[in-house]
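Reader: Can you walk me through how the labels on this one were assigned? I'd like the cut-offs too.

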Amino acid sequence: MGDGSIIGYDLNDRYCQISFYNEELQEPQTLETATENYQIPMILNYCEKRWYYGKEAKRLEAKRKGHSVSGLLGKCLSQEKILIGKETYEPVWLLAKFIEMSLEPFEKIEAITFSVPDMSVDIVKILKGIAQRMKVDKRHTYVQDYKESFCQYMFYQPKELWQYESALFYCDKRQVKAYMLRRLQPKITHAQEFVTVDKVASAKMRELEAVYPVLNVDKAKDADTCFLNFIESVFEKKLISSVYLTGEGFDNNWYPHSLRFLCNGRRAFIGNNLYSKGACYATYRRYKQYTGGPIYMDDTKMTDQISIRVRAESEEKWEPIVTWGSHWYESDGEWELIVDDSQEMELLIEPLSGGEKEILKVPLDIFPKRKNYSVRIQLKLLFMDEQTCKIMISDMGFGDFFASSGYEIEQVIHLGGSNGQFNSLS
C-alpha cells in the first residue's frame, strides 16, 4: 500500500463525515469535529475574500456575515448556477471546494469511496471528477449508496451479527426508514455469497415533533409507542441477528420501550458514522483488491459476468473481465493478450439469474499469422448502457520485430443488464 490515506466520505445535502483507515488498529477511524461529533455541516461561506466551510461557515451565516451556500449536492445534479456576491459559480466547483477543504487534514489520499443517499451516473461522474482534481487516481475513486455502505460495514463485523437478517433504522427527526440486509439465492451454484439491502418500510411520525428540539417526556411516550409498532411490523416473521440505529433522530433517548424490544435476543448498536465507516471499509477492500467474501447486489448492479478464455501455466480457464455486482458505467477496461495459434477469441456470458450461458466466438483471422506467440493484441471493452457493450480488438505489433498491421475488430455484445433480473435472485 502507498503512503496515502484510505478514505470513506459520507456526503449528503446537509452534512458530510470522513473516516480514514487506521493501519495500526486495522479499522476505520472517524474524523471528529468536536468531542464525539463527526458531522461537518455542508455549508460554504465566502467572507472578506476568503472561503470557509462547515461549522465556521455556519457560524458566519448565523452572524449574517459573508455569503453562504448549502445543498451543494442537489444543486450539482440540477446544474443550478449560484450567485455569491457579484460572482456566478458552477455548483460542481463549489462542491469541489468544500470537499478539498474538508480533506485538508490528509496530506495525500491514496483511495476514496464517496457514500451518497442514492446512486446515479451523474453523481458518479461529478465525484470522480472532483477526486481527479485532487490528484486521486480515478481507478481508486469509488462511489456507492448508503445501502451498500451498510452492507460493506457489516462484512467486517462478527459473522454472528448477520447470521440471519440484519436491520438498519434511520431517523431524521421527521420519519423513520427501515432497511434489511439479507442473503440472495442465485439460481446458479456458485462458491461466492451474494447479499443485498432492501428498504422494507418507512413512516412519517408526527409524534417526533414532541422530541425535537426539546424533549417533552410525556409526549415522547407517543413517539416511543409509534416506533415500537413500526418495529414490530418490520420484524414480523423475520429472524433478526442485529439492529443498527443511525441518524440524528435517535440522538435523544425518547424510545426506551422500543430499545428494550430491539435488544430482546438481538445485539443493538447506535451511532452516526456507520456510512462513512462502511465506505472506508469498501475503499480498503477495493484498493487491496480483496476478492473474497460476499458480493453486494442491487437493481443497479450487473447480473451478467463476462469472462475470456485464457491459458495460464498450461491450463485453460475462464478469466472474468466484468464481474457480477459491478456497475456498467465502471466496467470499461483494456487488456493486452498474446494470441496462440487459435483463430478466435472466446467470451463467456454467464447470467447470475440462471439463464443460459452464452459463449461468444470472435474471429481473429484478419490478423497476421505469426509463429512463436508473436501476435500481440489489445482488447478494449466499452459499455454504452447497462445492456450493451462494445468489444474492440486491435493488432499491437510485437516490439521491434513486427509492426502493427493496423487491423481492428469491433463487435457489439447484448446483455441482460439488471433489467428486472435482480428480482429473480431473491
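Here is a short exchange about strand pairing and a pocket.

Author: Quick caveats: this is a predicted model, where local features need pLDDT of at least 70, side-chain atom pairs count only at pLDDT 80 or more, and totals for chains, interfaces and linings use all residues. Residues are numbered from 1 along each chain as its sequence is written, and side-chain values use heavy atoms, with hydrogens and water left out.

Reader: How do you know that S18 and S21 pair?

Author: Strands are DSSP runs (E, at least two residues), numbered from the N terminus, and two of them pair if DSSP finds at least two bridges between them. S18 (residues 304–312) and S21 (residues 344–351) have five bridges, antiparallel, so they pass. Ile306 sits opposite Ile349 in S21.

Reader: What makes S18 and S19 a pair?

Author: Seven bridges, again in the antiparallel sense, join S18 to S19 (residues 315–322). Arg309 has Trp318 in S19 as its bridge partner. Two residues lie between the strands of this hairpin, where Glu313 takes a positive phi near 50°.

Reader: Why is the largest pocket called a pocket?

Author: Because on a 1 Å grid over the protein atoms alone it's an open set with protein on both sides within 12 Å along at least five of seven lines. Its lining counts 48 residues, with Tyr142 and Glu330 among those nearest the centre; a lining residue has an atom within 4 Å of a point. H4 gives the most, six residues.

Conventions. Helix = DSSP H or I, 4+ residues; strand = E, 2+ residues; numbered from the N terminus. 1 Å grid on protein atoms, 1.4 Å probe; cavity = no way out; pocket = protein on both sides within 12 Å on 5 of 7 lines; lining within 4 Å.
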